[in-house]
Structures are given as structure tokens and as C-alpha cells.
Amino acid sequence: MLGPGSTIGILGGGQLGRMLILAGRSLGYRFVVYEPSGPSAAGTVADNEINAAYEDEAALEEFARSVDVITLEFENIPADVIDRLSAIKPVLPERFALFTCQHRQREKDFLKENDFPCVPFEYADSPASLQVAVHTIGFPCVIKTAAFGYDGKGQIKLRNAQEAEDPDYLWNFLGAPPRVVVEKWIHHVGEFSVICARKASGEQSTLPVIENVHINHILHTSIVPARITESTAQQADSLARSIAEKLGVVGLIAVELFLDAEGKLIVNEMAPRPHNSGHFSIDGCITSQFEQHIRAIADLPFGSTDLHRPTVMVNLLGDLWTNGKSEPDWAGLLEDPKVKLHLYDKGEAREGRKMGHFTVLGDTVETVLEIAEAHFAKLQET
Ligand code: ADP
Ligand code: MG
């Protein structure tokens, strides 16, 4: 067990790291952030922040020596960095879980090999093989770069054969990546996620199933409890638990799911870290995803993830900051006693950039959702 007072290193300095630190601090842990791009949202609430490249071996070593355990809030960490760090201090989650989830080909192969339900897919590594893959899958379909995509970046949806006529253009549009995955587009009736925490002993704890609404491939709202049958919720929960077990995750894994028109759950993708859809749990659950992650990697007993009340989380993207500068008027949110506002102190607001979120708690999912959408509409007007 890694007791309070120990120091946790975090690779990545975004809002997920920030909220992880805020949760871990209340348990008495200390934090060092490693973020190549410069002073970060997590760095401002950490005890120390190291801003250096992943190629900077001396900085990596200094980071590893200054902490007791290393975790991450961003999965695209190069392999050799993980190897270098884990030679000095434990890195959790370990290599296998991280590497499987950070690359769509390894992820899809893992799902298929282990008989987890996943989207029909093909791979391509050139414009010519892309054309074959697209026609094998059929339309509509979506092309995704195998690595480094997030929030729908590195993806193109193709509705018909006409849109696939120029594979060289599509390939270059995606930045001529080494490899892409072509997936069948699933006409789903809903998107859901399950966040599972797992300790080295194999003990697990899941958050309630989350219903997610995306706009332009970016998460907009998370709704808990999800509006699905008890049996679908149980299937979703057990899928996430089995995936966490097979990956040997220590920490969190978020499993994103589609529910198709026939009522079947299909795994979309996994993330071995805290997840945007779990932000509701800061205000909505006894133990948040962030605290549960700390408990998992420090090998503390798990807290209860029971939901206080129906909760809806709404993302606040940079689009709400007019001209990228002027701050939205938060008065409406702050005046409503059932709303909790979270801002990430990121400075510059860019389109699509996650700047904050708010949660609404109430008596029923329907009323909470209505209140949340009304607040969001007001923010868009101002
Ligand atoms: P990321 O979250 O890394 O950007 P995802 O693969 O989760 O990438 O895609 C983002 C969103 O795009 C999904 O949550 C979903 O709304 C939509 N999407 C992606 N792939 C599919 C698919 N095969 N069928 C239907 N919708 C999809
Ligand atoms: Mg996703």
C-alpha cells in the first residue's frame, strides 16, 4: 500500500490530471506532473511540474526519482518512455493495457481475439489498401487514424461510394498516417460508457453505467443513471469488468459502448485512464472516478460509487468563449443551487477545446436533463 503523503507522478497535464490531483490531494497525496507542452492545467495544482520533451532522458529520470509511483492522464505516451520510467518506478496502468488501448489496431485485435463484441473493421496502410478496406466494409463507414486521435480528430465519415472516390485525398487529409482502421458506421440507439477501477489484486469497482450524447464526435452530455434496462446495464458492467481483467489494468479503464437497434452492446473503444464521461462522479457519486483511480494505484480500499441523485454533466467547450476571449456569463449556473461548475483554468479558449463542465443534480433524470439543457442554451445565447 502506498500511504497518504506519498508522491504520485502524472504523465500529461490536462484537465484529467488536474481533477486527479484535486481528488488525490484531499487524501493527502503529493503530485508531480510531466508535460512536454509547457505549464498546464494540472501543473498549476501540482506540487511540481516538469516541462520537458519525452526525448529528454535526464528530465524523465528526474521525474521518476522524485515520485513513488507513476500514472497517466493521456495514453499516447511513447513506448520507450514507459520502458525507461518503469525501470525506475512502477508505471500504472502497465505497458500491456496502455499499449493495447493507445493504438486502434491493437485495441481491435484484442477485442476480437478475446471475443468481445466490436465494430466490423479493416486496416489499411496506403491509399490503395484504403480503397479496398472501404469497399469491404461498405457505407456508411468511418476511417480513423490508428494512433493519436481524440474527440473525433483523425476521423472521416464516408456516407457513400462517391465520397470514397479519391483515396489519395482522404489519405492526405488524415495526414498520411502509417495506418488507419476503417469501421462500419453503427446506427446505434445510444452511446454508453462504463468506468471500471481495478487493483493489482484483481479487485474491481465500477461506476454506474453512463449514457453519453456526442455532438460533432465530441462528448456533450453524460446522463446517469443511463436510460436502459437493468439487464443491458448489467451486461455493460460485466463487459467492462471482463475487459479490465483481460487487460490486467491497475487503475481505471473506461469502456465506450454502442447499443444497436437490436439491443446489442458493441465496444467502440477503451481508455486506460480517467474519462470525460466520468466527470459527473465528482458531484454525483460518493467516490469519484478520480479518487477511485488513486485508491486503485495506491492499493487502498475502494470507496462506494453509489449515486447520490440523478446527475447530468455538460461539457463546456471553447466555442462558448466568444472570439476565443470573453468568458461566458456564469451567473445562471452559479445562481442555481443544484448546479456545480468546474473550470479548468486553461487560459486560451479554442474551438472544441475542453474548458470546463457543469453538473446538475436532481430528482429524476428527465427533470435534470431539462434543467441542464436550459442552462446550456442560455450560455450559448450570451
Ligand atoms: P475518439 O473518442 O477517440 O475521438 P471514437 O472512436 O470514440 O474516437 O469516436 C468519437 C465518436 O464518433 C463516438 O463516440 C461516436 O459518437 C462516433 N463514432 C465513432 N465511430 C463510430 C462508428 N463506427 N459508428 C457510429 N458512430 C461512431
Ligand atoms: Mg471515444
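Glu-55 counts as exposed in this predicted model, because its relative accessibility comes out at 65%, and the cut-off for that label is over 50%. As for where it sits, Glu-55 is part of the loop that runs between strand S3 (48–50) and helix H2 (57–65). It also has company of like charge: together with Asp-56, Glu-62 and Asp-80, Glu-55 makes up a patch of negative charge on the surface.

Turning to the rings, 7 aromatic pairs show up when the whole structure is searched. One of them joins Phe-96 and Phe-110 in an edge-to-face arrangement, with 6.4 Å centre to centre and 70° between the planes. Phe-96 belongs to helix H4 (residues 95–101) and Phe-110 to helix H5 (residues 104–113), so this contact ties together parts that are 14 residues apart in sequence. The two partners don't get equal cover, though: Phe-96 is partly exposed because its relative accessibility is 48%, whereas Phe-110, with a relative accessible area of just 5%, is buried.

Phe-121 and Tyr-123 pair up as well, this time tilted, at 5.4 Å centre to centre and with 45° between the planes. Here the labels split around the burial cut-off, which is under 20% relative accessible area. Phe-121 has a value of 13% and is therefore buried, while Tyr-123 reaches 21% and so ends up partly exposed.

Ring pairs also build something beyond a simple twosome: Tyr-34, Tyr-54 and Phe-63 are linked by them into a cluster.

Notes: Residues are numbered from 1 along each chain as its sequence is written. Chains are lettered from A and ligands numbered from 1 in the order in which they are written. This is a predicted model: local features need pLDDT of at least 70, side-chain atom pairs count only at pLDDT 80 or more; totals for chains, interfaces and linings use all residues. Side-chain values use heavy atoms; hydrogens and water are left out. Patches are made of residues with over 30% relative accessible area and no salt bridge: like charges are joined within 9 Å, nonpolar side chains (Val, Leu, Ile, Met, Phe, Trp, Tyr) within 5 Å. Accessible areas come from the Shrake-Rupley method with a 1.4 Å probe; for residues, only the protein chains shown count as cover. A salt bridge is a side-chain nitrogen of Lys or Arg within 4 Å of a carboxyl oxygen of Asp or Glu. Lys and Arg count as positive and Asp and Glu as negative; His and the chain ends are not counted. The place of a charge is taken as NZ of Lys, CZ of Arg, CG of Asp or CD of Glu. Helices (H or I, at least four residues) and strands (E, at least two) are DSSP runs, numbered from the N terminus. Buried means under 20% relative accessible area, exposed over 50%, partly exposed in between (1.4 Å probe, protein chains only). Rings of Phe, Tyr and Trp (its six-membered ring) pair if their centres lie within 6.5 Å; planes under 30 degrees apart count as stacked, over 60 as edge-to-face and the rest as tilted.
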